[in-house]
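Me: Pick one part of this model and take me through it closely, then work outwards from there. Please keep the cut-offs in as you go.

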Amino acid sequence: MQLNFLAALCTEKLDSNITLAHTTAWYDFKNKWLGTRHYALDIETAPKGEKGNGLNPWRSETRLIQIGLEDGTVCILDTREPHNRDDFLAILKQTLVSFDCIKIFHNGYFDLLTILVHFGFKANNVRDTRIMSIIVSAGIKQHRHSLKAVAERYLGVAVDKTAPYRDWE
């Protein structure tokens, strides 16, 4: 089920369903998010300071948080944008701690640790598509388990992962 959910998030129509948390469309997304039984979450980090490392939660800052719902709608929070930030983070905390809502990650260890370090939130009832892929592959050494490899292998979807490597400044 989780991999089918990822397919819904990777469709061409996704672009028209993206909401930015600092816009008025946030309020419609917020109501759908609060009513969902499961959602996908991904974060993007950037180095903090001169000795920063975007892949080290103690030396990075969270720049974007993306929430994807089953209907293909996505909301993106730019953490540097103050409008609706506190509201978004309050709902993120509420849904992360809930046992009633399934949270879907890919390589969730990084996202969950970063959220804990940066915001102090712990999560319950999580699923990790990377771990699922490792289990389903049952040790087949040729299988890679990146988001790109998993989406291509199980969904036939090509994922463009170049955006996180662009300069956001």
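Reply: Let's start where helix α2 (residues 26–34) meets helix α3 (residues 85–97): the two pack at an angle of about 10°, and their axes are 11 Å apart. Axes here are lines fitted to C-alpha atoms, for helices over the stretch in contact, with angles running from 0 to 180 degrees between N-to-C directions. With that angle, α2 and α3 are therefore roughly parallel to each other (angles under 35 degrees get that label, over 145 is roughly antiparallel, 65 to 115 roughly perpendicular, and the rest oblique). On the α2 side, Trp26, Lys30, Trp33 and Leu34 make the contact, and they meet Asp87, Phe88, Ile91, Leu92, Gln94 and Thr95 of α3; contact means heavy atoms within 4.5 Å.

Keep in mind that this is a predicted model, where local features need pLDDT of at least 70 and side-chain atom pairs count only at pLDDT 80 or more, while totals for chains, interfaces and linings use all residues. Residues are numbered from 1 along each chain as its sequence is written, and side-chain values use heavy atoms, with hydrogens and water left out.

Now for what α2 sits on. Helix α2 lies across β1, β2, β3 and β4, and its direction makes about 70° with that of β3. Helix α5 (residues 129–137) also packs on the sheet, where it touches β5 and β6 and runs at about 55° to β6. Both helices and strands are DSSP runs numbered from the N terminus: H or I with at least four residues for a helix, E with at least two for a strand.

The sheet itself is open and has 6 strands in the order β1-β4-β3-β2-β5-β6, with mixed pairing. Its edges are β1 (18–20) and β6 (126–128), each of which pairs on one side only. On average, neighbouring strands are turned by 25° against each other, ignoring direction.

Strand β2 (residues 38–47) has partners on two sides. Towards β3 (residues 60–69) it runs antiparallel, with 9 bridges joining the two, and Glu44 has Leu64 as its bridge partner in β3. Towards β5 (residues 102–105) β2 runs parallel and 3 bridges do the joining; there His38 is matched with Ile102. To count as a pair, two strands need at least two bridges found by DSSP. Strand β2 is also mostly covered, with 8 of its 10 residues buried, where buried means under 20% relative accessible area, exposed over 50%, and partly exposed in between (1.4 Å probe, protein chains only).

Go one strand further and β3 is joined to β4 (residues 74–78) by 5 bridges, running antiparallel. Leu64 turns up again here, with Asp78 as its bridge partner in β4.

Which way do side chains point in a regular strand? They alternate between the two faces of the sheet.

Between β4 and α3 there's a loop, and Asn84 sits in it. Asn84 isn't a glycine, yet its phi is positive, about 70°. At 12% relative accessibility, Asn84 counts as buried. Most residues other than glycine have a negative phi. Asn125 does something similar in the loop between α4 (108–119) and β6: its phi is positive, near 55°, and Asn125 isn't a glycine either. With a relative accessible area of 23%, Asn125 is partly exposed.

Back on α5, the helix includes Met132, which is partly exposed at 23% relative accessibility. The C-alpha atoms of Met132 and His106 are separated by 9.3 Å, and the two residues are 26 apart along the chain.

What about the cysteines? Cys75 is buried at 0% relative accessible area, and Cys101 is buried at 5%. The disulfide count is 0, taking a disulfide as a pair of cysteine sulfur atoms within 2.5 Å.

Zooming out, the chain has 6 helices and 6 strands, following the pattern α-β-α-β-β-β-α-β-α-β-α-α along the sequence. Of its 169 residues, 41% are buried. Among contacts with a separation of 6 or more, 59% come from residues 24 or more positions apart. The accessible surface is about 9,800 Å², with 53% of it belonging to carbon and sulfur atoms; areas come from the Shrake-Rupley method with a 1.4 Å probe, and for residues only the protein chains shown count as cover.
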